[in-house]
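Q: I should like to learn how to read features of a protein model. May we take them one at a time?

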Amino acid sequence: MQRWVVFLGFALVVSGIGAATWVYGYRQALDSLAERSAADLALASDRVSTQLQIYQELTVLVVDHPALESLESQAERAAAQELLREVADKTAAMDVFYADATGQVLAAAEGVTQGDVSDQFFFQRAMRGSLGTGSAVLGEKARRAYFYAAPNFTTDGGISGVLVVVADVEDVEQTWRGSLPAVFFTNAEGEVFISNRRELLFWRQGGDQSKGALPVEPELAYEVSAAGGHQIWALSGSQYLPKRALHLTVGLPVIGLTGQILVDVAPARRLATLQAAALAALCLAFGTFLFLTMERRRTLAEANAVLESRVETRTRALQSTNSQLRREVSEREDAEAALKKAQEELVQAGKLSALGQMSAGISHELNQPLMAIQQYAENGDAFLQRGQVDRVGENLTRIASMSARMARIIKNLRAFARNENEPMARVELVHVVNTAVELTASRLETDAVTLDWHPPNGGQPVYAWGGEVRLTQVFVNLINNAADAMLDQNNRAITISLAAEKRLSVSVSDIGPGIKEPEKMFDPFYSTKVVSSSEGMGLGLSISYGLLQSFGGKIRGVNSPQGAVFTVELERWNEDAER
């Protein structure tokens, strides 16, 4: 019994909290809705005022037109009528007319009004020297019109007549009709004159609907109540208007109307209901949680002891596993360091292997200048003994040229053979290819291989992203491989081409037998030659592949109708990449 009393008391408390939450949430939602609705109403009011004031400015501008100064003769009235029709056509005004001081209409664009407007408020106000305004429903079609009247002053300060511009209210409504929520504007009699809902037009607020401009069917009824300082209308009689709506008003003295808005409060009520239900559910969940917590406390205490024992065991196992992983990581790092060292040694071995293949040619390249230097030195000594100093200078110049050639060959050999990890930087690709060609020139000449290499754009610099020494080794390997492939044939030719497009590409092609096994050509120790100290170890292409991969390049080999073509692709150098 006691437990049921506790449950009943808890349910009453939750119900009270839910009701209080609903009231508070509903008021907060109404405040937020009122702020947004006030902004919507202000925007709609500004839109209507702005569109109507266009006709106000038109009235003030046209009233001083010379064609309206005198309308005594029929010709003058015809000219004025033509002017007014042109103004009405260009501005989409319903009518533009001019009346004399007695209210008689002398000229009109369309003639939608009667001939005498002396009893109209807008005319009377204009005759007092002010800008007159007014609204009315015209004709059997119930066309709603808004009037702007401006006085035409004479030179002595009198008023000779009044220009009236009639605006079509339905044109003003076209830009916002049907938009949500319901907005309407009432005149001084409380009659709806402008609205984005047709069912509200000519409805008289708080009065007899039969006194309006047109009967409203079915009759719209409403009851007013207050909630949180806001006015709430309970509406009936229209299926297009909300049953309960927040009502706001704003005065528009400039156009003589009152702007009003009706905003459905159903979302606010749903939000308040949702908040109350959520809080009630939270309270129920909290109560249930407390009850279950007390019941489960003992079970959790026992389970906690078991869990701690398992956690301790698992922690010891994880510590052991962690130590094992650290040892494995250390071993892997050592293995990677050894692999990197082995790769560097393989690269250096590839260089030395290439130098070994080129040694005979290089010796020949150095021996020729040395013999020439000896001959020029002996000739210079003989010329010096004869007193032919000018011939001695010629021989010394030739000796200097031969020495420079030898220095260039030795410099290229030293740069090619050094074992270092050069940083990634800008590389002049044409210079790299020229160096590789110069390093292999003796070997190609010995084997009677013709080399066709013409730098593009007259040898203008082309900058790539990579390492100069490693890139030189790649091209030396490709040229040597191409020469090796053609040793068993009489015609031997190598063509080197450079394409400077989005990516740089250098192609080395030969007229040999082609690639026998393309899928294996980049595998280490793969070679179609007899593996020996003189013929290499089958590492040239594998090393070249690794070198290009190290600075983002690519290499591919394909068979062509004439032989094999190896293409090296490189990234263009730019300042951002170097940074």
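Q: Is Leu290 buried, partly exposed or exposed, and what is its relative accessible area?

A: This is a predicted model, in which local features need pLDDT of at least 70, side-chain atom pairs count only at pLDDT 80 or more, and totals for chains, interfaces and linings use all residues. Residues are numbered from 1 along each chain as its sequence is written, and side-chain values use heavy atoms, leaving out hydrogens and water. Buried means under 20% relative accessible area, exposed over 50%, and partly exposed in between, with a 1.4 Å probe and protein chains only. Leu290 is partly exposed, because its relative accessible area is 43%.

Q: In which helix does Leu290 lie?

A: Leu290 belongs to helix α5, residues 266-386. Helices (H or I, at least four residues) and strands (E, at least two) are DSSP runs, numbered from the N terminus.

Q: How is the open sheet of 5 strands ordered?

A: Strands of a sheet pair through backbone hydrogen bonds, either parallel or antiparallel. Here the order is β13-β15-β16-β18-β17, with mixed pairing; two strands pair if DSSP finds at least two bridges between them. β13 (450-453) and β17 (554-559) each have a single partner strand, so one side of each lacks a neighbour in the sheet.

Q: In which sense do β16 and β18 pair?

A: Strand β16 (residues 504-510) and strand β18 (residues 564-570) are antiparallel, over 6 bridges. Val506 stands opposite Val568 in β18.
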